[in-house]
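Welcome, and please load the model in your viewer with side chains ready to be switched on. We will go stop by stop, selecting a few residues at a time.

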Amino acid sequence: MSSSIPAATVTRRGFLALGTGLFAAAVLASCTTPPRFLTPTSAPIRAAERARGGTGRVTTVTLRAAPTQIDLAGTTADTWSFGPVPASTIRMSAGDTLHATVTNRLPTDTSVHWHGLALRNDMDGVPGVTQSPVGPGEDFVYEFIAEHPGTYWFHPHVGAQLDRGLYGALIVEDPHEPLAYDDEWVIILDDWLDGVSGTPDEVLEELSEGMAGMMSGSGGHMMMGARSDLLGGDAGDVAYPLFLINGRPPADPETFTSSPGRRVRLRIINAGGDTAFRVALGGHRLTVTHTDGFPVAPVDSDAILLGMGERYDAVVTLGDGVFPLVASAEGKDATAFALVRTGSGDAPAPTASVPELGRAVLTAGSLTADPRVALAARSVDRELRATLSGSMMAYDWAINGHRFDPDNPLTGALGVQHGERVRLRIENTSQMWHPFHLHGHTYQHSGSGPRKDTSIVLPGESVTVEFDADNPGLWAAHCHNIYHAETGMMTVLGYQNT
Ligand code: C2O
Ligand code: CU
């Protein structure tokens, strides 16, 4: 019970114990010489939060991270979660403040990151960069204004914890929502092995050994030969026994009920650790309206491809009957499955074929930003490059030649300057796709593409994005394959301390 926690264990924001890495270095440096980058607790970050204004309304939640057991269609799995898997959806309205008390009852450090939100930097939840880890038995209060409406989610930013049950949706509603719909469903996709075929920590250890781990066949989690044309070849590294929609495997599917003719907004989130999903609703076409929280010019499609961390919103007008909602694990020959029921009839089997999956599949490349959220035209002040490299055999994933090293940030010795227009070229020189994610900003794909915070970058290809450096702080940027990120494919973006 949170009420039994002695007040002394509560770590107050603005009064952080020293952690490790850049965060601690910055705090230490600030005692003597000015650090080269703005630190998460510096005045410009507080000023940026004040400038958000906000409604003054507060949404209060408690997230208790603890070991638990969940039932997966008859299989009991030991895992870690914030109560149910997924956690209860947090809902608020744009401009409102979230006050979230995270109580850590795990046997190890944790944190919560609010994926996709442009929030105040010291609330971003990245130990070693924006805060100290929340230790076992400790509490941490996250408090920030959620400025932009959209579909977001939350997960820890410690180790491979996001590949357990520690995740949930954060929906920021638009008080002036222009989209008309009758119902709204949150659909969270996940690849699952925790407590069924091992733990994410075991997988991380096994993969880190690379070729050696494979030869010794230590745990058998490494997946060879997952192939996808859509992903440019190798689809993933990890073999999962189960794929879930809203925490449920195909043998015990979630059932969404509605009536024929109703318009439903789907908010689809890929919370997987190592799996892209191809999503379709049997017998329907989807009108894609948003990606990563931000509106796009609507496009009709049969299916949507989501990399880890990506979100897509789509509106669909429901037919009469019982329909399969499927998320096929791209290149892994398995499927997550739920049902949509608007009438009587037998439920389709999870193995029933869904022709939409084999038709046109939408990816971010075919989207354009809604004019309301397109970046204003202006010249670029600074160009950055993130070169993604590494291989599955060596498991040496890196950005700009470095495994995560706070002393080698994305910006080199310089930071970006508050107010600059920045162009970032994300270049994938490896032979595998990566879902690249930047914290604290929603960039725009160049050439009037969509606003996004997580983008699939295919092997041998590059994606160029632009953003306004309008949210000062130290921001993580990394591959959202949790095993790639944890073994080194991560960096930070700093703002100059001028
Ligand atoms: Cu889901 Cu560093 O992010
Ligand atoms: Cu990656």
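**Stop 1: a histidine and its partners**

Select His484 and Asp237 to begin: their side chains make a polar contact at 2.8 Å. Keep in mind as you look around that this is a predicted model.

Now colour the helix that holds the histidine. His484 sits in α5, which covers residues 482–486. Is His484 buried or exposed? With a relative accessibility of 0%, His484 counts as buried.

To see what surrounds the side chain, show its contacts, leaving out residues up to four places away in sequence. Besides Asp237, His484 touches Tyr395, Trp397, Met432, Trp433, His434, Cys479 and Met489.

**Stop 2: an arginine with two acidic partners**

Next, select Arg311, together with Asp292 and Asp453. The side chains of Arg311 and Asp292 form a salt bridge, with 3.5 Å from N to O. Arg311 belongs to strand β20 (residues 311–317) and Asp292 to the loop between β17 (286–291) and β18 (294–301), so this pair ties together parts that are 19 residues apart in sequence.

Turn to the other aspartate. Arg311 also forms a salt bridge with Asp453, and here the closest N and O atoms are 2.8 Å apart. This pair links distant parts of the chain: Arg311 is in strand β20, while Asp453 is in the loop between β29 (451–452) and β30 (454–457), 142 residues apart.

Try a surface view of the three residues. Arg311 counts as buried at 0% relative accessibility. Asp292 is buried too, at 0%, and the relative accessible area of Asp453 is 0%, so Asp453 is buried.

**Stop 3: more salt bridges**

How many salt bridges does a search of the whole structure find? The search finds 33. Two more places deserve a selection.

Pick Asp370 and Arg372, which form a salt bridge with the closest N and O atoms 2.8 Å apart. Asp370 is buried, with a relative accessible area of 12%, whereas Arg372 counts as exposed at 55% relative accessibility.

Then make a group of Arg91, Glu173, Glu177, Glu184, Arg265, Arg267 and Asp313: salt bridges link these residues in a network.

**Stop 4: where two domains meet**

Colour the protein by domain. The assignment gives domain 1 as 15–177, domain 2 as 184–366 and domain 3 as 382–495. Hide domain 2 for the moment and look at the other two. The C-alpha centres of domain 1 and domain 3 are 21 Å apart.

Select the contacts between them: 29 residues of domain 1 are in contact with 30 residues of domain 3. Together the two domains bury about 2,200 Å² between them, of which 62% is on carbon and sulfur atoms. What is the count of salt bridges between domain 1 and domain 3? The count is 0. Polar contacts, on the other hand, join 13 residue pairs across this interface, with both residues at pLDDT 80 or more.

On the domain 1 side that touches domain 3, the elements giving two or more residues are α1 (21–29), α2, β6 (113–115) and β8 (150–155). The largest share of that side, 4 residues, comes from α2.

**Stop 5: down the axis of α2**

Stay with α2 and select residues 43–52. Which residues of this helix are buried? They are Ile45, Ala48, Glu49 and Arg52. Look down the axis: the buried residues of α2 fall within an arc of 100°, so they line one face of the helix.

Rotate to the face turned away from that buried side, where you will find the exposed residues Arg50 and Ala51. Then turn back and show β7 (139–145), which is included in what covers the buried residues of α2. Just after the helix comes Gly53, with a positive phi near 70°.

**Stop 6: a helix to set beside it**

For the last selection, take α3, residues 200–208. Its buried residues are Pro200, Val203, Leu204, Glu206 and Leu207. These cover an arc of only 165° around the axis, which puts them on the same side of α3. Gly210 follows α3, and its phi is positive, near 55°.

How values were computed: Residues numbered from 1 in each chain as written. Chains lettered and ligands numbered in written order. Heavy atoms only, no water. Buried < 20%, exposed > 50% of the residue type's maximum accessible area, 1.4 Å probe, protein only. Arc of directions from axis to C-beta. Contact = heavy atoms within 4.5 Å. Domains from an automatic or database assignment. Buried area = accessible area lost by both parts, 1.4 Å probe. Salt bridge = Lys/Arg side-chain N within 4 Å of Asp/Glu carboxyl O. Polar contact = N/O pair within 3.5 Å; in protein donor to acceptor, adjacent residues only side chain to side chain.
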